[in-house]
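Trainee: I'm new to this one and would like a close look at a single part of it. Could you walk me through that part slowly?

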Amino acid sequence: MPKRGGTEVFRITGARQGLADDVRGRQRRYIISMTVRTLSVIAAAVLWNVERHVAIVALALGILLPYIAVVIANAGRESVPSLPSTFVPAPVRPALDAAEAPEDAATEAPHGRN
């Protein structure tokens with residue numbers, strides 16, 4: 001909703017996530033990834049003599065996951081293109097042309113005068 005004077009007004013739906021919330025979310029994703037990596041390395045060590053194929057897959061996951069976790073954690077803030085514009089444009093009020101003015105207004109005398 002525009003204010004008087006034609007200034008633009010921000011939409012709250014276009015606001016980005018706060019920086020602290022963004023960093024906290026990226027830290028959480030990194031910790032979850034590193035926990036999965038640790039569990040896969042432990043599973044590879046435990047299953048090495050029991051089921052070698054599963055142990056190799058778990059070891060490969062343990063080797064590749066740190067790289068993926070760092071890339072995801074350092075991806076930075078993303079912009080969301082699906083949100084509407086962050087500005088509500090000021091409405092344009094059309095001006096009256098001289099042709100649109102009432103014709104008899106210029107010929108009539110003001111009220112109270114004859």
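Here is where I'd like to begin: does Arg24 count as buried, partly exposed or exposed, and at what relative accessibility? After that, please take me through the helix around it.

Mentor: Happy to. Keep in mind that this is a predicted model. Arg24 counts as partly exposed, because its relative accessibility is 45% and the partly exposed class runs between 20% and 50%.

Before we zoom in, let's get our bearings. The chain has three helices and two strands, and if you read along the sequence they come in the pattern β-α-α-β-α. There are 114 residues in the chain, and 14% of them count as buried. Contacts across long stretches of sequence matter for the picture too: take the contacts in the chain with a separation of 6 or more, and residues 24 or more positions apart account for 75% of them.

Now to the part you asked about, helix α1, which covers residues 19-47. Let's start with its salt bridges. A search of the whole structure turns up two. One joins the side chains of Asp21 and your Arg24, with 2.8 Å from N to O. These two residues sit three apart in helix α1, so about one helical turn separates them. Asp21 is partly exposed, like Arg24: the relative accessible area of Asp21 is 37%, and Arg24 has its 45%.

The other salt bridge pairs the side chains of Arg26 and Asp22, at 3.3 Å from N to O. Here the partners are four residues apart in helix α1, and again that puts about one helical turn between them. Their surroundings read another way, though. Arg26 counts as buried at 18% relative accessibility, and Asp22 is buried too, with a relative accessible area of 10%. Both values fall under the 20% cut-off, so both residues get that label. As a general point, side chains of opposite charge can pair when their charged atoms come close.

Next, let's see what α1 packs against. In general, two packed helices are described by the angle between their axes and the distance between the axes. The partner here is helix α2, residues 52-73; the axes of α1 and α2 come within 8 Å and cross at roughly 160 degrees. Angles over 145 degrees count as roughly antiparallel, which means α1 is roughly antiparallel to α2. The crossing of α1 past α2 is left-handed. Sorted by class, the residues in this contact are 18 nonpolar, three polar and four charged.

To see the two helices meet up close, pick out Val70 and look across to α1. Tyr30, which lies in helix α1, has its C-alpha 7.2 Å from that of Val70, although the two are 40 residues apart along the chain. Leaving aside residues up to four places away in sequence, Tyr30 touches Ala69, Val70 and Ala73. Tyr30 still counts as partly exposed, at 32% relative accessibility.

Two arginines of α1 can be placed from Val70 as well. Arg29, found in helix α1, is 41 residues from Val70 in sequence and 9.8 Å from it in space, C-alpha to C-alpha. Arg29 is partly exposed, with a relative accessible area of 41%. Then there's Arg26, the one from the second salt bridge we went through: Arg26 and Val70 are 44 residues apart in sequence and 9.8 Å apart in space, C-alpha to C-alpha.

Definitions and conventions
Residues numbered from 1 in each chain as written. Predicted model: local features only at pLDDT ≥ 70, side-chain atom pairs only at ≥ 80, totals over all residues. Heavy atoms only, no water. Axes fitted to C-alpha atoms, helices over the stretch in contact; angles between N-to-C directions. Parallel < 35°, antiparallel > 145°, perpendicular 65-115°, else oblique. Left-handed = near helix turned anticlockwise from the far one by under 90°. Nonpolar A, V, L, I, M, F, W, Y, C, P; charged D, E, K, R; others polar. Salt bridge = Lys/Arg side-chain N within 4 Å of Asp/Glu carboxyl O. Buried < 20%, exposed > 50% of the residue type's maximum accessible area, 1.4 Å probe, protein only. Contact = heavy atoms within 4.5 Å.
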